[in-house]
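Me: I am new to reading structures like this one. Please pick one part and give it a close look, starting with what surrounds it.

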Amino acid sequence: MSAHATEHGTMNIKLIVWRQPARDKPGRFETYEAKNITPHHSFLEMLDVVNEDLIKAGKDPIAFDHDCREGICGMCSAVVNGVPHGGQERTTLCQLHMRKFKDGDAIYLEPWRARAFPILRDLIVDRTALDKLIQVAGFVSCHTGGVPDGNAILVGKPEADYAMDAAACIGCGACVAACPNGAAMLFAGAKVAQLAELPQGQVEAPQRVAAMVKAMADQGFGNCSNHYECEAACPKGIEVKFIARLNREFTKALCQEKIGAISTTTAASGD
Amino acid sequence: MRLLSDSIGRKVVMAITGLLMVLFVVGHLLGNLSIFAGADGINTYAAKLQALPLLVWATRIVMGAAVLFHLVISIQITLENNQANPTAYAVDRRLRATFAGKNMIWTGLLLGGFILFHLFHFTVRSVPGLEIVQVHDALGRADVFAMVSAAFGKLVTAAVYVIAMLMLYLHLSHGIQSTFQSLGLNNSKTMPGFAKFGGVLSVIFLLGYGAIPVAIFFGLLAK
Amino acid sequence: MILDGKAPTGKIQDSWDKHRFDSLKLVNPANKRKYKILVVGTGLAGGSAAATLAELGYQVEAFCYQDSPRRAHSIAAQGGINAAKAYPNDGDSIYRLFYDTIKGGDFRAREADVWRLSQVSNNIIDQCVAQGVPFARDYAGYLDNRSFGGAQVSRTFYARGQTGQQLLLGAYSALSRQIGLGTVKMFARTEMLDLVVVDGEAKGITVRDLVTGEIRTHVGDAVVLATGGYMNVFYLSTNAMGCSATAIWKAHKKGAYLANPCYTQIHPTCIPQAGDYQSKLTLMSESLRNDGRIWVPKKKEDCGKLPSEIPEADRDYYLERKYPSYGNLAPRDIASRAAKEQCDEGRGVGPGGRGVYLDFSDSIARLGESTIRERYGNLFEMYERITDENAYQRPMRIYPAPHYAMGGLWVDYNLQSNIPGLFVLGEANFSVHGANRLGASALMQGLADGYFVIPYTIANYLAQTKPGKVKSDHPECTRSIAEVKAERDRFLSVNGKRTVTEFTREVGVLMWNNVGMARTKQSLTEALQKLPAIREEFWKNVKVSGSGDELNQQLENAGRTADFIEFAELLARDALHREESCGGHFRVEHQYPDGEAMRDDANFSYAAAWEFKGTGQAQELHKEPLKFENIHLAVRSYK
């Protein structure tokens, strides 16, 4: 079974890459050859190889976002043959390895595409819109200091596990990129669900969901039509049950507000 | 928070109006299936229904409203979604989205058109070229069986209805399970169940409704 | 010069409380909004500091080079965070955490700083729970703990294998809340390229907007650097690709002392390198050592065999053999060096013989695969994605990799550098970990500094300074911008033949071979000879295409690499000067017959803080003597 580079041949890959010099400039596809790639190259290391060649040839290397290269920072982001992060289950682009491809493959490489994510250069997009969603309500409004002991409020293991499942989101935006509607429901749902499940976050749950839903529209994200492409593309396995939770929290808050039990316009919602 | 303009508010409205229409489709099917009990079956059913004008009109009003909300919001949402995702990828590859899911707006609009057609065809009876002559049976009741048999005896009519039922199948195979998600009832346990339920129900609709024009056209339904 | 760390004296138990009351001035609430604080870096330390300072009422501007503050490399920490809660009733206490940290750091940290860290560790857990961090819980709903290297108690709190991520997202959520409220102005994709010092005080930073290329100065009343560590000087490390020494190096060039750069932590459990093209090394959480047993074949000829073909009797569980009481949980420096020893003896496994086995078969037999999967499933998955091997069926291969920088900018007890107004937090400073950091302590330090230390200590500085003293048109700002632009233009004008990455790799390989896990006078001298040549070649032969007025990743990397090349010299020089072995600094000349590190407390019980004297010039050494009044200096033993 194993796995040393010497046991495999190398391969050549044809890359068809979206090149765009800057925001609001026209872009187009360019074709490059990635040569002598081993199965143990990560996808980004394959791009490194291509870029080194481009630089030496006096051309502009392909700009792409990346940082931790271990699948947790959420920075890497490119659509490989129509699928964000390349389509290996629970795998970010940086963790995708070239053993998933074969010699002679042609790979289309594109940036995340959605109105809320303007392209900055080549494969790099601006994902500030996701940060804005967190800024309106993706938090518990606690102050530093003056909080109770960590064990003062008990949290059942199932609730803690559920919250952790939701909190595993790395904010890469693949859900938006995969969504036919450019919606951010999985991202928002995961945060709403995490905080609504924990007693610490329940106090603000109605205001949070109200603000988050409004912010999604403000930021130019689309609506959800339950295609579940987001779940399929998510490199962290975030499930669409969190979108169901988002819908439930919304409906609950809406009902509570309409009967006058609560108000969702607070400082937290930015109104 | 706003039910009719927030993204999820409208989603909830879509789900509830959709669910109401599914309930109607269930009732309508149960009624229509009485045709398989022969002329007496469906004519009795029709007569009993006509004797309940309050129910008939209440249903018409509620359904009319449901269709209207469902239609307006879906057009609105589709336009918004197209704006939110204006550029397609070079490789069009979807991992999970189905043909039915992607074409909800089209199957929905066709169904909307079909509903109009159906109302003018059987209720108002004024579709040019496909006029239905009102007849009565021996007991003096409206002879629905005869009228339906006459209508579905024509290939065009039978074909239109069968195609429409295919649209209904597609629309509901995505729509029914989608309703549960939109109403926030899904979790990882219930979700596969709801999906199966939606699939089975839409097949039942297809077979149940579809059987009527097919059976009549091929003369399988004895008087 | 003898440096004074300004640590409080007297009973250590009261030191921080007394210091806060006796020595730290406050800024009254109405005045806070007149002060502007610049926070560079948005990891655990920077993010928590920016959030907390803004909440207190200061104007805050925060900067990060990533596209979002949520991506700082704190996010990659897996295992957990220590605190002296003593929930498991297993003999833990603030004093024991203090003791373990000092001892784990091989007696090269300031006692008072470590005490404070241990004291506030408990507040951190409370704070994070309140923020909605989903820490692991037991079935009764209480917080769960696990054990970690270098400690005999279970004091590590964790959120699956993503503790760093969850803590960072907690800090990020607090920061985001302040951004939403308008109290923090966030500048993402913005890299600090210079420190602006006016009349000896830090009053601003010069940055480059990484999208537009604009170079501008931000001025404030104080500058907080929380820019992480410099381990990418080894090229291959567990750090993110963008981690660099640039911020602290630029501050150093403006007069800030850099302390103990030779204290570098090599993490024992990383996935071994597979080939030359490799761009980074991936860490497997140290927590794996709780249930995995480390071994190599006893006989060299067995190294090529499948592990399953090597009988139990022919396996050498060397950590259990050498350190019976700590066994596989020996501290990182010791575990790393032991792995290197085995491989140097020719008993390593995998490509190039640079690997040892981490075997879970005993634990799987004892606890069942499902328990192991629950504890470490994500790590096993990650291992399989990278190596294509199933670690449930055959042992993982691991090898040490550069991981964490204990050294950093010198700071006093108030986390202020020798430049007034310049505060340094987290991995970027040198303060609490001495010569070696214990697992699960980096998260603790970052959040302690940001949430619970800097809010007090920065007030003391601000209370004694007038707000808004420097405007952005100050000549020092203009000069700083001109310098940064000149350097940028120099990168673009060389137009040589070698790419930036080639230089980064060259320096890294040299540093790893000569200044890595084991250092000798000869290897260090050689590195010091070669580094200036690399630096000169870099400036003659580097190729950076494109322009400065656009998103240009080569230009970013060129700046970071240029600084690494200069910084590497200081690291090697510090390692050469420290004629002892301690913690992450191992000098082959200084070891006991059994291979353990031999400290020289008589001559080296000090922090070495270096003052910049010009590029290519030797730095001047300043010493801060370390006094141990509460813990007796002893040979660090984990046997």
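Reply: Happy to help! Let's begin with chain A, where the domain assignment gives domain 1 (5-121) and domain 2 (128-269). Please keep in mind that this is a predicted model. The C-alpha centres of domain 1 and domain 2 of chain A are 31 Å apart. Contact between them involves 18 residues of domain 1 of chain A and 17 residues of domain 2 of chain A. On the domain 1 side of that contact in chain A, nine residues are nonpolar, six are polar and three are charged.

Chain A also touches its neighbours. In its contact with chain B, 49 residues come from chain A and 38 residues from chain B. On the chain B side, two or more residues each come from helix 1 (7-32), helix 3 (53-84), helix 4 (99-102) and helix 7 (155-182) of chain B. That side of chain B has 16 nonpolar, 14 polar and eight charged residues.

Next comes chain C, which has 67 residues in contact with 73 residues of chain A. Five helices of chain C each give at least two residues to the side that touches chain A: helix 3 (44-56), helix 5 (111-131), helix 6 (163-181), helix 11 (369-387) and helix 16 (553-577). Of these, helix 6 of chain C has the largest share, with nine residues. Sorted by type, this side of chain C holds 24 nonpolar, 27 polar and 16 charged residues.

Now for the part I would like you to see up close: helix 9 of chain C and the sheet it lies across. The sheet is open and has five strands, in the order 12-16-15-13-14 of chain C, with antiparallel pairing. Strand 12 and strand 14 (315-316) of chain C are the edge strands, and each pairs on one side only. Strand 12 of chain C is joined to strand 16 of chain C by five bridges in the antiparallel sense. Try finding C:Cys270, which stands opposite C:Tyr399 in strand 16 of chain C.

Helix 9 of chain C covers residues 332-344, which is 13 residues. From its first C-alpha to its last, helix 9 of chain C reaches 18 Å, close to the 18 Å expected at 1.5 Å a residue. Helix 9 of chain C lies across strand 12, strand 13, strand 15 and strand 16 of chain C, and it runs at about 65 degrees to strand 12 of chain C.

Why is helix 9 of chain C described as largely enclosed by the rest of the structure? Eleven of its 13 residues are buried, so the rest of the structure surrounds most of helix 9 of chain C. Among the buried residues of helix 9 of chain C are C:Ile334, C:Ala335, C:Ala338, C:Ala339 and C:Cys343. Its buried residues also include C:Arg332, C:Asp333, C:Arg337 and C:Lys340.

What do the buried residues of helix 9 of chain C pack against? Their partners are strand 12 (264-270), strand 13 (293-297), helix 8 (318-322), strand 15 (356-359) and strand 16 (396-405) of chain C. Follow the chain just past helix 9 of chain C and you come to C:Gly346, which takes a positive phi of about 90 degrees.

Methods
Residues numbered from 1 in each chain as written. Chains lettered and ligands numbered in written order. Predicted model: local features only at pLDDT ≥ 70, side-chain atom pairs only at ≥ 80, totals over all residues. Contact = placed C-beta atoms within 7 Å. Helix = DSSP H or I, 4+ residues; strand = E, 2+ residues; numbered from the N terminus. Nonpolar A, V, L, I, M, F, W, Y, C, P; charged D, E, K, R; others polar. Expected span 1.5 Å × (residues − 1). Buried ≥ 20, exposed ≤ 12 C-beta atoms within 10 Å, placed from the backbone. Domains from an automatic or database assignment. Pairing = 2+ DSSP bridges. Axes fitted to C-alpha atoms, helices over the stretch in contact; angles between N-to-C directions.
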